[in-house]
Amino acid sequence: MAHEHVDRAFERKQMDTIAREAKRVLDTNWVKASEGGFTRPAEGIYPYQWNWDSGFIAYGYSHYDQNRAIAEMRALFSGQWSDGFLPHIIFHTSKATQQTYSPGPEFWESSHISDAPARVATSGLTQPPVHAMAIWHIYKVLTKKDAPAALALLKEFYPKLIALHRYLYTVRDPEGWGLVTIYHPWESGFDNSPRWDSLLEAIQPTYVPAYTRIDTTFVSPKMRPTREDYDRYMYLAAELKRAAYDPRRLPSAYPFQVKDKVFSSMLYSATRRLVHMAGILNEPTNELRGWMERFEQHLTSKLWNTQAQMFFDFDVVRGKQLREETVAGLLPIITDTLTLQQNQAIAAQMDKGTFCGEGNCAVSLAPSLALDADTFNPHLYWRGPIWINVNWLLWKAFLANSMVERARHLRMHVLQLVMNEGFWEYYSPLTGKGLGAKNFSWTAALAIDLASENPAHVLTE
Ligand code: 9WN
């Protein structure tokens, strides 16, 4: 009872303030229509439109400005390739003479060598497909206010989303496991995670294309990947470019081919939303259900590790799991397909001190890497810090699995963190200090979602 009283008082006082501040961040990062009409992840370091960032960002807008949420998605899908592929960066405002992000459009040259649209420059990699989740969420908010507009939204985006999912379940899954293969660490969104260390360390680039690091002019090099990492990132990107960004044209020994447990789980969750959309639009669902069944058949048999009691990624080239214990190993819980035992195992992982579950950290949220891992570093991105999108996904998963107390805990701790520190790209689990880019859009947007008056909306998704 005491708990509830404190929470309610906290909510009453704080939610409006958090949402107001978060909206200010999104306004600051909004790039006007004449320059693309999208939200950059952060000023300086990330000046263009990023793929999964925009999905998270649209969740935030959906609560107070559905038009902007739709504009965000429209701008992103303006960069979709004719084969359904959705690039990880859309360079709406590429300035030919000024290099503002590296590698920029001059490296990717997507429209010259692939199915990319000619009107806008894009990268040749993708990122986890949160978009059908975002569109479904916008639809649900909008349908209460303006049902015809909500239906029009589904009609507009359904074909684009189907094309994206079909690309991912076919071109990116030659094995037919319902699990997506990624070809570059940047495709995971968890770019610098130790999940990729063993594969990257085994790569000796035979050449490295010329590149300049711009990221470290905005954020301390202590928080960013090393030069050796970047050399390998650039080598892999150049090899993909040589294959015209078509995995079917890569040599079979191409060294980074990974079934990504988070990417695949997000695709599955997003496909479930597509099934809901298909029901409303009277579209057939056989193909979608077939994709989902493949995933259900292979998630545990390929990616679950009984000894570690979490999920691992799968190295397609060597035919084995990549044994790195990170927070990503818990995220397949978002699919709502796990056994009770698996759900309990994941909850038990989060209760461990190594995942800040024993009140032993400044912030009681899941860090990106277990505290006792050899490579744990509280400041280095994806190697220790807390990320809000990860904890938001876990929050949704706990709500969907009726683990209500755990969901409440995550929600309150995220909101307290942003209240105390502001909206950063990531946070040290040891001190709670904000790190990386300041005024980071997805942190702000997801805080709005968490602060929204009726978080129970998640239960019905
Ligand atoms: C490369 C934009 C992106 C996020 C990724 C995060 C980081 C880029 C970078 O920033 O990646 O795509 O330059 O480090 O790892 O998840 O989408 O916010």
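1. The largest cavity encloses about 200 Å³ of space. A cavity here is a set of points, on a 1 Å grid over the protein atoms alone, where a 1.4 Å probe fits but cannot get out; its volume is the space filled by probe spheres set on the points, which are joined across faces, edges and corners. In total, the structure holds three cavities of 30 Å³ or more.

2. The model is predicted, so local features need pLDDT of at least 70 and side-chain atom pairs count only at pLDDT 80 or more, whereas totals for chains, interfaces and linings use all residues. Residues are numbered from 1 along each chain as its sequence is written, and side-chain values use heavy atoms, with hydrogens and water left out.

3. The lining of the largest cavity comprises 19 residues, and Tyr 46, Trp 50, Gln 127, Asp 191 and Tyr 381 lie nearest its centre. Lining residues have an atom within 4 Å of a point. By class, the lining contains twelve nonpolar, three polar and four charged residues. Ala, Val, Leu, Ile, Met, Phe, Trp, Tyr, Cys and Pro count as nonpolar, Asp, Glu, Lys and Arg as charged, and the others, Gly among them, as polar.

4. The ligand is surrounded by 15 residues, the closest being Asp 53, Tyr 101, Gly 189, Asp 191 and Tyr 381; a residue is near if one of its heavy atoms lies within 4 Å. Asp 191 and Tyr 381 also appear among the residues nearest the centre of the largest cavity.

5. Three polar contacts of the ligand deserve attention (pairs of N or O atoms within 3.5 Å). A ligand oxygen lies 2.6 Å from a backbone N or O atom of Gly 189. Another entry places a ligand oxygen 3.0 Å from a polar side-chain atom of Trp 50, and the side chain of Tyr 381 has an N or O atom 2.7 Å from a ligand oxygen. The ligand taken alone exposes 410 Å², of which the protein buries 100%; accessible areas come from the Shrake-Rupley method with a 1.4 Å probe.

6. One open sheet has three strands in the order β3-β4-β5, paired antiparallel. Its edge strands, each pairing on one side only, are β3 (49-50) and β5 (121-122). Strands are DSSP runs (E, at least two residues), as are helices (H or I, at least four), numbered from the N terminus; two strands pair if DSSP finds at least two bridges between them. Strand β4 (residues 89-91) is joined to β5 by two bridges, and Ile 90 stands opposite Thr 122 in β5.

7. A further open sheet has four strands, ordered β6-β7-β10-β11, with antiparallel pairing. At its edges are β6 (181-182) and β11 (320-322). Ile 182 has Val 258 in β7 as its bridge partner.

8. Two backbone features merit inspection. Ser 102 and Pro 103 are joined by a cis peptide bond, with omega about 0°; Pro 103 is in the loop between β4 and α4 (105-108). Asp 336, although not a glycine, has a positive phi of about 60°, and lies in the loop between β11 and α14 (340-351).

Methods:
1 Å grid on protein atoms, 1.4 Å probe; cavity = no way out; pocket = protein on both sides within 12 Å on 5 of 7 lines; lining within 4 Å. Polar contact = N/O pair within 3.5 Å; in protein donor to acceptor, adjacent residues only side chain to side chain.
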